[in-house]
Amino acid sequence: MSGRATTLNGVAIRTASTALLSEAFMANGNPEPFQQNEKDSVERLRLSTRWCVYGGSCMAYGRVADGSIHISIDGGLDPYDYCALVPVVTGAGGCITDWQGRPLTLTSGNLCLAAANEALHRQVLETLK
């Protein structure tokens, strides 16, 4: 629900304050669904971050919300994969959009990006261009 804080076991959680891409931990559920130009963009992003882990899927978005991971990025998704994540990430103070920075909707396509805060989100979007 929009406007409500995200909680974990009844306790409000917050995203990390990490604002530098070079200090960020990144997660990607699976690099296979990306088109080649998208793979190139994700690789550029990966090389700009401190560390990258694979295989987290929706768990990684929860970890963005609790501050454990700073960026989660995926491709090959459907609206049912990402729409439920929007209030989780935003309710903890993070940003979650498509790769152009637009809000996620039922017609957003298959690319999803979550970042711990607006400053980090802007850097990720710029790196993906």
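This is a chat about the predicted model shown above.

Me: Let's start with the basics. How many helices and strands are in the chain?
Reply: The chain has five helices and seven strands. Going along the sequence, the pattern reads β-β-β-α-β-α-β-α-α-β-β-α.

Me: And how does the radius of gyration compare with the globule rule?
Reply: The radius of gyration is 13 Å, close to the 14 Å that the globule rule gives for 129 residues, so the chain is as compact as a globular protein of that length. Along the principal axes, the C-alpha atoms fill a box of roughly 40 × 30 × 25 Å.

Me: Nice. What share of the residues counts as buried?
Reply: Of the 129 residues, 45% are buried. As for the surface, the chain exposes about 6900 Å², and carbon and sulfur atoms supply 54% of that area.

Me: What about contacts between residues at least 6 apart in sequence: what share joins residues at least 24 apart?
Reply: That share is 70%.

Me: Switching to charges. How many positive and negative side chains are there?
Reply: There are 10 positive and 12 negative side chains in the chain. The centres of the two sets lie 6 Å apart.

Me: Okay, now single residues. Where is V64, and is V64 buried or exposed?
Reply: V64 sits in helix α2, which covers residues 58-65. V64 is buried, because its relative accessible area is 0% and the cut-off for buried is under 20%.

Me: What does V64 contact, apart from its neighbours within four places in sequence?
Reply: Its contacts there are T15, I69, H70, I71, S72, V89, A114, A115 and A116. There is also a C-alpha distance to look at: V64 and A16 are 48 residues apart along the chain, and 7.6 Å separates their C-alpha atoms.

Me: H70 is on that list. Which residue's side chain has a polar contact with the side chain of H70?
Reply: That would be T18, and the polar contact is 3.2 Å. T18 belongs to the loop between β2 (11-12) and β3 (25-28).

Me: So a loop residue. Is T18 buried or exposed?
Reply: T18 is buried, because its relative accessible area of 17% falls under the 20% cut-off. Leaving out neighbours within four places in sequence, T18 contacts E23, A24, H70, N117 and L120.

Me: Let's try W51. Is W51 buried or exposed?
Reply: W51 counts as exposed, because its relative accessibility is 55% and exposed means over 50%. You'll find W51 in strand β4, residues 51-54.

Me: What does W51 touch, not counting residues up to four places away in sequence?
Reply: W51 touches A24, F25 and M26. A24 is also one of the contacts of T18.

Me: And how far apart in space are W51 and Y82?
Reply: From C-alpha to C-alpha the distance is 23 Å, while the two residues are 31 apart in sequence.

Me: Last topic: backbone angles. What is the phi of N9?
Reply: N9 has a positive phi of about 55 degrees although N9 is not a glycine. N9 is in the loop between β1 (7-8) and β2, and N9 is exposed with a relative accessible area of 76%.

Me: What about the phi of S57?
Reply: S57 is not a glycine either, and its phi is positive at about 50 degrees. S57 lies in the loop between β4 and α2. With a relative accessible area of 41%, S57 is partly exposed.

Key
Residues are numbered from 1 along each chain as its sequence is written. This is a predicted model: local features need pLDDT of at least 70, side-chain atom pairs count only at pLDDT 80 or more; totals for chains, interfaces and linings use all residues. Side-chain values use heavy atoms; hydrogens and water are left out. Helices (H or I, at least four residues) and strands (E, at least two) are DSSP runs, numbered from the N terminus. The radius of gyration is taken over C-alpha atoms; the globule rule is 2.2 Å times the number of residues to the power 0.38. Buried means under 20% relative accessible area, exposed over 50%, partly exposed in between (1.4 Å probe, protein chains only). Contact means heavy atoms within 4.5 Å. Accessible areas come from the Shrake-Rupley method with a 1.4 Å probe; for residues, only the protein chains shown count as cover. Lys and Arg count as positive and Asp and Glu as negative; His and the chain ends are not counted. The place of a charge is taken as NZ of Lys, CZ of Arg, CG of Asp or CD of Glu. A polar contact is a pair of N or O atoms within 3.5 Å; within protein, one must be able to donate a hydrogen and the other to accept it, and residues adjacent in sequence count only if both atoms are side-chain atoms.
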